[in-house]
Amino acid sequence: MIERKAADPVKEEGEKKKENLNLLTSTQIIIREALEKLGYPEQVYELLKEPMRMLTVRIPVRMDDGNVKIFTGYRAQHNDAVGPTKGGVRFHPDVTEDEVKALSIWMSLKSGIVDLPYGGGKGGIVCNPSELSFRELERLSRGYVRAISQIVGPTKDIPAPDVATNSQIMAWMMDEYSHIREFDSPGFITGKPLVLGGSHGRETATAKGVTIVIREAAKLKGIPLEGARVVIQGFGNAGSYLAKFMYDAGAKVIGISDAYGALYDEEGLDIDYLLERRDSFGTVTRLFKDTITNKELLELDCDILVPAAIENQITAENAPNIKAKIIVEAANGPTTLEATKILTKRGILIVPDVLASSGGVTVSYFEWVQNNQGYYWSEEEVEEKLEKVMVRSFHNVYNTAQQRGVDMRLAAYMVGVRKMAEAARFRGWV
Ligand code: NAD
């Protein structure tokens, strides 16, 4: 075992971001390629390359010490040709306008891939939630909803949780919106607690979806899940549930990590033990002395590698050293365009983020449907519906890749933009 090096993950993450290609630019490059392959004219690209609406807000919040602090927030609505826009709100110090724009486009693509009646939206507030008290967090969440209330709503734009936001924050936001509109509005937001109209299976939806696409991808590659060696970067909402599902399916989870380092055991880690010990930020490795680095984790010899932490983790620098046979992107944007080319050339199957992590928005859609109809489904019903959506979507993208001779990422973008482009054409926009 290699001794863990002392590191400041927040600082490292910031420096990494600066070096890497802007997420918006790389998304636009693939959207253009996808539209060209599908034969759409230039004006369709001009329409889809940026969100149709981007709101920047300044949110005054009374802090516990009596002072007022002003926070900046964003809400991007990519395209509503198909239906209302939908997507999460993240609370993070590094939130930027371009990041929110790119994330809103990815939400459009995900909705297109899993065939939901939505366009993409995304929101963010520049803040460090770990420095805010519970009540400051509540005032900030309510202030954000007041600031964006004119452009959101159950049939306009439906927010949801994302990085560092949770069901409690969704509850405050829904309550604030209901006060403004003067009627109960559960369909305004998804990811709510069960008692406020949340859906069974929402919390584990992303990891369930990733598990289903791993199973399908492994079948295609002739890798039995039983005994497969799996490495997962990130032990938060997506990564930790995924580790549990893989472990329960008989796979050997040989590596996991968090922002502070990684754990590795060739014989397979005891996931139940680690789950009991992780904190609510997805941190567990600090409890152990024998750790390896995240860099070493990504290059471990394994069958399936799942980045489930942050962006730009697999780059041109480490792509030649990756030993996995399949990479399934649970995180948004973990692999750069350059790395995708290198890995595809090496015959490694990459299941892209816009497909692999679409289980979350799918169950968010189920939650919205249940809110609209006022009739709620059991956990089994939700799981059965999610299974059908993910299997159908995986094979649709895989078959497109095979038929058009392109990689899975480009195929996913082609499937993802097609419905939007068609809807915009029928509406007479382009
Ligand atoms: P989370 O905040 O719950 O967990 C993040 C995990 O990544 C933690 O274990 C954290 O320690 C680790 N991490 C943070 N910085 C790191 C670094 N520099 N190196 C290695 N590990 C680091 O977040 P989450 O909800 O699990 O989301 C993870 C990824 O999955 C994000 O890219 C997110 O956008 C994507 N995603 C999540 C959902 C969902 O429903 N949770 C849905 C779609 C996509």
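User: Across which strands does helix H4 lie, and at what angle to E4 does H4 run?

Analyst: In this predicted model, helix H4, residues 97–113, lies across E1, strand E2 (68–77), E3 and E4. The angle between H4 and E4 is about 150°.

User: In what order do the strands of that sheet stand?

Analyst: The general idea comes before the case. Strands of a sheet pair through backbone hydrogen bonds, either parallel or antiparallel. Here 5 strands make an open sheet in the order E1-E2-E4-E3-E5, and the pairing is mixed. Strand E1 (53–62) and strand E5 (157–161) are at the edges; each has a single partner strand, so one side of each has no neighbour in the sheet. On average, neighbouring strands of this sheet are turned by 25° against each other, direction ignored.

User: How many bridges join E3 to E4, and do the two strands run parallel or antiparallel?

Analyst: Strand E3 (residues 85–92) and strand E4 (residues 119–126) run parallel and are joined by 6 bridges. For one residue pair, look at Phe-91, whose bridge partner in E4 is Ile-125.

User: Which strands stand at the edges of the sheet that holds E6 and E7?

Analyst: That open sheet has 6 strands in the order E8-E7-E6-E9-E10-E11, with mixed pairing. Its edges are strand E8 (261–264) and strand E11 (349–351), each with a single partner strand, so one side of each is left without a neighbour in the sheet. From one strand to the next the twist averages 15°. Within the sheet, strand E6 (residues 229–233) pairs with strand E7 (residues 252–258) in the parallel sense, over 5 bridges. Arg-229 has Lys-252 as its bridge partner in E7.

User: Which helix lies across E9, E10 and E11?

Analyst: Helix H7 (residues 205–220) lies across strand E9 (304–307), strand E10 (326–328) and E11. H7 runs at about 160° to E10.

User: How many residues surround the ligand, and which are the closest?

Analyst: The ligand is surrounded by 22 residues, and the closest are Thr-206, Phe-235, Ala-238, Gly-282 and Asn-332. By class, the shell divides into 9 nonpolar, 9 polar and 4 charged residues.

User: What lies 2.9 Å from an oxygen atom of the ligand?

Analyst: A polar backbone atom of Ala-259 is 2.9 Å from a ligand oxygen atom. An N or O atom in the side chain of Asn-332 is also 2.9 Å from an oxygen atom of the ligand. For Gly-236, a backbone N or O atom lies 3.3 Å from a ligand oxygen atom.

User: How much of the ligand does the protein bury?

Analyst: The ligand exposes 820 Å² when taken alone, and the protein buries 83% of that.

How values were computed: Residues are numbered from 1 along each chain as its sequence is written. This is a predicted model: local features need pLDDT of at least 70, side-chain atom pairs count only at pLDDT 80 or more; totals for chains, interfaces and linings use all residues. Side-chain values use heavy atoms; hydrogens and water are left out. A residue is near a molecule or strand if one of its heavy atoms lies within 4 Å of it. A polar contact is a pair of N or O atoms within 3.5 Å; within protein, one must be able to donate a hydrogen and the other to accept it, and residues adjacent in sequence count only if both atoms are side-chain atoms. Accessible areas come from the Shrake-Rupley method with a 1.4 Å probe; for residues, only the protein chains shown count as cover. Ala, Val, Leu, Ile, Met, Phe, Trp, Tyr, Cys and Pro count as nonpolar, Asp, Glu, Lys and Arg as charged, and the others, Gly among them, as polar. Two strands pair if DSSP finds at least two bridges between them. Helices (H or I, at least four residues) and strands (E, at least two) are DSSP runs, numbered from the N terminus. Axes are lines fitted to C-alpha atoms, for helices over the stretch in contact, and angles run from 0 to 180 degrees between N-to-C directions. Contact means heavy atoms within 4.5 Å.
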